[in-house]
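The exercises that follow are meant to be worked with the sequence and the coordinates side by side. Each one sets a task and is followed by a solution in steps.

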Amino acid sequence: MSVQEAAAIVQDARACARRELVISAPVVYAAWGLVWLLGYGGMWLSVRGQHPYRGPSGVSIAVVFVLAGFAAAAVLVIARKAAVGIDGRSVLYRRFILAAWAAGYLILLIVQAVISGSVSTRTLAMMALAGPLLLAGLVYILASVLGRNRLALALGAWLVLAAVSCAWQAPAGILATCALAGGGGFLLIAAIETRLRI
Amino acid sequence: MTADGGLDPVIHGPVRLRVMVTLATLRAGDSLSFTRLQELLGLTPGNLITHLRKLEEAGYVTTVRSGSGTTARTSVVLSQHGRQALDTYTATLRQLLDSASPNGTSTSPHQQAAAPD
């Protein structure tokens, strides 16, 4: 086997293994980026001009759930395909991250339910709208630590900053921040990941 | 133990090189099932076993058997020693390609392929 043939085999085997065994991060980031951008963008458009604030329309909320459902299903299919036959640390990490996400959402819902009668509409709106953004940021920071991934750390830190900035905004501003900073952050990281893989 | 200008002869075979590169794509500590590896490389079980045995003798991979009967499963793990050996192999490959090119610079896709992760 010549040196050139060996190099070709390395290139081909590496591309094949990455295609089959590695979760496509750009697709995952892009899917969630579109959920935030289109879903929260739709809710933002539905509350613009509301005086007083009454909350997003039922249709815009339903759109978020539909988009999130599609994104979750797509990510699940991609992750399952890549995980076939693999066992070890990465499987444990993935389960841990999923559990952290589920626990985080559960805590968020419980806290909202507990304080719903004793806080202002603005505070409740902030928790309901910016809470998931904060949670996503924290989960990406956790994932970056486990997987030693700088891009995930950058995304997590950006999402946390965006969520914290919501504390000083009106509900319409919170929705705009979630759509543009949240969705934009995911899509930017998807673009960077794609460029790094080429 | 070198051949072809310093390339490790244990790795320097089409099938074993594919096995090593495929396993190196996984995170350190992860294992890949024998059947999945066989499916990815398009090999017969006997052929894959032969090559895995050579890699195992060199300490580059470890095969782990778990379960019994219908739930029996064989997995393959790239050892730390194996990962280092592949890094050395790809670095040597790149040097050889660099020295073979007229201006000594690595620009071809094949040379990019030899770059370690």
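A residue counts as buried if 20 or more other C-beta atoms lie within 10 Å of its own, with C-beta atoms placed from the backbone. The model examined here is a predicted one.

**Exercise 1. Describe the make-up of chain B: which elements does it hold, in what succession, and what share of its residues is buried?**

Solution. Begin with the count of elements, which gives 5 helices and 3 strands for chain B. Next, follow the chain from its N terminus, and the elements appear as α-β-α-α-β-β-α-α. Then apply the burial criterion to the 117 residues of chain B, of which 37% count as buried. Finally, turn to the contacts in chain B with a separation of 6 or more: residues 24 or more positions apart account for 47% of these.

**Exercise 2. Determine the strand order of the open sheet of 4 strands, and identify its edge strands.**

Solution. Start from the pair β2(B) and β3(B), which run antiparallel and are joined by 6 bridges; within this pair, B:Thr63 has B:Val76 of β3(B) as its bridge partner. The hairpin of these two strands has 6 residues between them, and there B:Gly67 adopts a positive phi near 70°.

Move on to β1(B), which is linked to β3 (residues 73-78) of chain B by 2 bridges, again in the antiparallel sense, with B:Ser33 bridged to B:Ser75. The next step crosses to the other chain, since β1 (residues 86-87) of chain A pairs antiparallel with β1(B) over 2 bridges. In this pairing A:Ile86 stands opposite B:Leu32, while A:Asp87 has B:Ser31 as its bridge partner.

Putting the pairings together gives the order β1(A)-β1(B)-β3(B)-β2(B) for the open sheet, with antiparallel pairing. The edge strands are β1 of chain A and β2 (61-66) of chain B, each of which pairs on one side only.

**Exercise 3. Characterise the side of chain B that touches chain A: how many residues take part, which elements supply them, and how do they divide by class?**

Solution. Count the residues of the contact, to which chain B gives 30 residues and chain A gives 24 residues. Then assign those of chain B to elements: two or more residues come from each of α1 (14-24), β1 (31-33), α2 (34-41), α4 (80-100) and α5 (109-113). Sorted by class, this side of chain B consists of 13 nonpolar, 12 polar and 5 charged residues.

**Exercise 4. Work out how the helices α4 and α5 of chain A, and likewise α6 and α7 of chain A, are arranged, and what classes of residue make their contacts.**

Solution. Take α4 (residues 89-115) and α5 (residues 121-147) of chain A, which pack at an angle of about 160° with their axes 10 Å apart. Angles over 145 degrees count as roughly antiparallel, and α4(A) and α5(A) are therefore roughly antiparallel to each other. The crossing of α4(A) past α5(A) is right-handed. Among the residues that make the contact are A:Trp101 and A:Leu108 of α4(A), and A:Leu135 and A:Leu142 of α5(A). By class the contact comprises 15 nonpolar, 4 polar and no charged residues.

Repeat the procedure for α6 (residues 150-165) and α7 (residues 171-197) of chain A, where the angle is about 170° and the axes lie 10 Å apart. That makes α6(A) roughly antiparallel to α7(A). The contact includes A:Trp158 of α6(A) and A:Phe186 of α7(A), and its residues divide into 9 nonpolar, 4 polar and 1 charged.

Note on methods:
Residues are numbered from 1 along each chain as its sequence is written. Chains are lettered from A and ligands numbered from 1 in the order in which they are written. This is a predicted model: local features need pLDDT of at least 70, side-chain atom pairs count only at pLDDT 80 or more; totals for chains, interfaces and linings use all residues. Two residues are in contact if their C-beta atoms, placed from the backbone, lie within 7 Å. Ala, Val, Leu, Ile, Met, Phe, Trp, Tyr, Cys and Pro count as nonpolar, Asp, Glu, Lys and Arg as charged, and the others, Gly among them, as polar. Two strands pair if DSSP finds at least two bridges between them. A residue is buried if 20 or more other C-beta atoms lie within 10 Å of its own, exposed if 12 or fewer, and partly exposed in between; C-beta atoms are placed from the backbone. Axes are lines fitted to C-alpha atoms, for helices over the stretch in contact, and angles run from 0 to 180 degrees between N-to-C directions. Angles under 35 degrees count as roughly parallel, over 145 as roughly antiparallel, 65 to 115 as roughly perpendicular and the rest as oblique. A crossing is left-handed if the near helix is turned anticlockwise from the far one by less than a right angle, and right-handed if clockwise.
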